[in-house]
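Biologist: I am new to this structure and would like a close look at a single part of it. Please start from that part and work outwards to whatever surrounds it.

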2 protein chains.
Amino acid sequence: MNQESASGVPPGVTLAETIRVGLADEITSGALAPGTEIDEQAVARRFGASRTPVREALRALASSGLVVLSPRRGVRVAALTSNRLGELFELMAETEALCIRLATYRMTAVERVALQMLHQQSARTVELDDIDRYDQQNIDFHTAIYHASHNSVLADHAVALRLRLAPFRRAQFRGELRLRQSHAEHEAIIAQVLQGDGEAAGRLMRAHMLTASAALAAYLGGSGRGA
Amino acid sequence: MNQESASGVPPGVTLAETIRVGLADEITSGALAPGTEIDEQAVARRFGASRTPVREALRALASSGLVVLSPRRGVRVAALTSNRLGELFELMAETEALCIRLATYRMTAVERVALQMLHQQSARTVELDDIDRYDQQNIDFHTAIYHASHNSVLADHAVALRLRLAPFRRAQFRGELRLRQSHAEHEAIIAQVLQGDGEAAGRLMRAHMLTASAALAAYLGGSGRGA
DNA sequence: GATGATTTGTACGTATGTATA
DNA sequence: ATATACATACGTACAAATCAT
């Protein structure tokens, strides 16, 4: 990412930061499900710390949208309405589209080759039908694009958005069908990048993200907007 | 804005939140200039509170980008490099373009009329050459567009970005020339909105924002990207 | 509706790490 | 290079508000 991390707080030298990362992991991995109440004292005991750094960690998580605070009423893992979730996915799609558009015009030769390599590696994973591995490679692919936009504020924003959506993205690639489709869409996007048509790449990326969110919305039973 | 405020922290019932708003005002208004060191104890004395809520306020400001924290080394008002400032302006421009594009397709008749009224009111202000008043009306105009996008996450994001840039936007409308130009650009944008061409409105909005940032970059002596 | 238990919000003191002499 | 000074990070205690009884 960047020298100034997405949340604005320098990396894990403080206890609060350590706890923040730990909690974020538990939330994004699903160990702490959306809607779960979080008790400061319990977390403090669990991490062997006092309430002070825990409070700071929770505040930081709140500003990144992973938890919601209600003054004097406690903290809980963010549980988004399907409406709001749709809005988040839409913003994610548009943000990714912006990234690839800028990246098309600005990425270096090295970055272009690196992106192609990432894509080729994932091709093999599609054959093996290894969902977990593809999930990781997919993240790497998209993250590479964020940075290739050569706008670190935008890149941080994109990473933060992805993190915020993480709790709702599990089981994204249910069915090898979706997995193959995802890879094919990446292929089309790269083709436009290589041709230097950022606008087209952006449109394809937006569609790619909205397709993914629609699939997810269907899975969650909600209704993702713009599906 | 929204039921969940941009920072994720519900409005001013806690001391920490009060202090946060107070400090944010001082920073965005320029009373606390970029680069200024902020001393917890001093702020605590000034607000008649202890250091604890001050710390929380500073943490919140850090995650919205208004201040930067260095663990055990203190806090200072964010002083952006001209490079990073350019990146921020670029993201702002693209975000605003996105807002107007979505708004074009989604705004209600009421919202459309309201936007036109805001625009007409500012026309009068241009004649009077009242810079401060135009500045406020300009903010209202843009904010109305954020909400008309009918994506509250996006709207919150846009508001947060604008706030983050506020310390660097003073003296934005130096010279009545720039003021008239701004108004004319708004006019062109509205025209496209009324014609229902969201893409065109977006392009014009992006150019509008980049023009403004370029003017500002010139004023600040830096080099805003994309000028 | 009032009271008590629980949890958060705030205050303050100590420890630790950074910067300076 | 060592030591001193200083501000922050953390821990603990108290106060206040919310929720349950």
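**Strand β3 and its surroundings**

Modeller: In chain A, strand β1 (residues 37-38) pairs with β3(A) in the antiparallel sense, and two bridges hold this pairing. The model is a predicted one. Within the pairing, Ile38(A) lies opposite Val75(A) of β3(A). Strand β2 (residues 67-70) of chain A also pairs with β3(A), again antiparallel, over four bridges. Here Val68(A) is the residue that stands opposite Arg76(A) in β3(A).

The link between β2(A) and β3(A) is a hairpin, with three residues between the two strands. One residue of the turn, Arg72(A), has a positive phi of about 60°. The two faces of β3(A) can be told apart by cover: Val75(A) and Val77(A) make up the covered face, whereas Gly74(A) and Arg76(A) make up the uncovered one. Taking these points together, Val75(A) is on the covered face and has Ile38(A) opposite, while Arg76(A) is on the uncovered face and has Val68(A) opposite.

To place the strand in its chain, chain A has nine helices and three strands. Their sequence order is α-β-α-α-β-β-α-α-α-α-α-α. Chain A has 227 residues, and 44% of them count as buried. Of the contacts in chain A between residues at least 6 apart in sequence, 69% join residues at least 24 apart.

Chain B shows the arrangement of the sheet. Three strands of chain B form an open sheet in the order β1-β3-β2, with antiparallel pairing. In chain B, β1 and β2 stand at the edges with a single partner strand each, so one side of each has no neighbour in the sheet. The pairing of β2(B) with β3(B) is antiparallel and has four bridges. Across it, Ser70(B) has Gly74(B) in β3(B) as its bridge partner.

The strand also leads to the DNA. Around DNA strand C there are 17 residues, of which Glu40(A), Leu15(B), Ala49(B), Ser50(B) and Thr52(B) come nearest. Two or more residues of this surface come from each of α2 (40-47) and β3 (74-77) in chain A, and from each of α1 (15-29) and α3 (51-63) in chain B. The largest share, three residues, belongs to α3(B). By class, the surface near DNA strand C divides into six nonpolar, five polar and six charged residues.

DNA strand D has 18 residues around it, and those that come nearest are Thr14(A), Leu15(A), Ser50(A), Thr52(A) and Pro71(B). Here α1 (15-29) and α3 (51-63) of chain A, with α2 (40-47) and β3 (74-77) of chain B, each supply at least two residues. The most, three residues, comes from α3(A). The surface near DNA strand D has seven nonpolar, five polar and six charged residues.

The helix that gives the largest share near DNA strand C, α3(B), can be followed back to the sheet. Ten of the 13 residues of α3(B) are buried, among them Val54(B), Leu58(B), Leu61(B) and Ser63(B). The buried residues of α3(B) pack against α1, β1 (37-38), α2, β2 (67-70) and β3 of chain B, and also against α3 of chain A. The end C-alpha atoms of α3(B) are 18 Å apart, which agrees with the 18 Å that 13 residues should span at 1.5 Å a residue. Just after the helix, Gly65(B) has a positive phi of about 90°.

The packing of α3(B) against α3 of chain A leads to the contact between the chains. In total, 29 residues of chain B are in contact with 29 residues of chain A. On the chain B side, α3, β2, α4 (82-106) and α7 (152-165) each supply at least two residues. The largest share, seven residues, comes from α4(B). This side has 13 nonpolar, nine polar and seven charged residues.

A rotation of 180°, with 0.0 Å of shift along its axis, superposes chain B on chain A with an RMSD of 0.1 Å. This is the relation of a two-fold axis. Of the interface residues of chain B, 100% are also interface residues in chain A, so the copies meet through the same surface.

Terms used: Residues numbered from 1 in each chain as written. Chains lettered and ligands numbered in written order. Predicted model: local features only at pLDDT ≥ 70, side-chain atom pairs only at ≥ 80, totals over all residues. Near = placed C-beta within 6 Å. Nonpolar A, V, L, I, M, F, W, Y, C, P; charged D, E, K, R; others polar. Expected span 1.5 Å × (residues − 1). Buried ≥ 20, exposed ≤ 12 C-beta atoms within 10 Å, placed from the backbone. Contact = placed C-beta atoms within 7 Å. Least-squares fit on C-alpha atoms with pLDDT ≥ 70 in both. Pairing = 2+ DSSP bridges.
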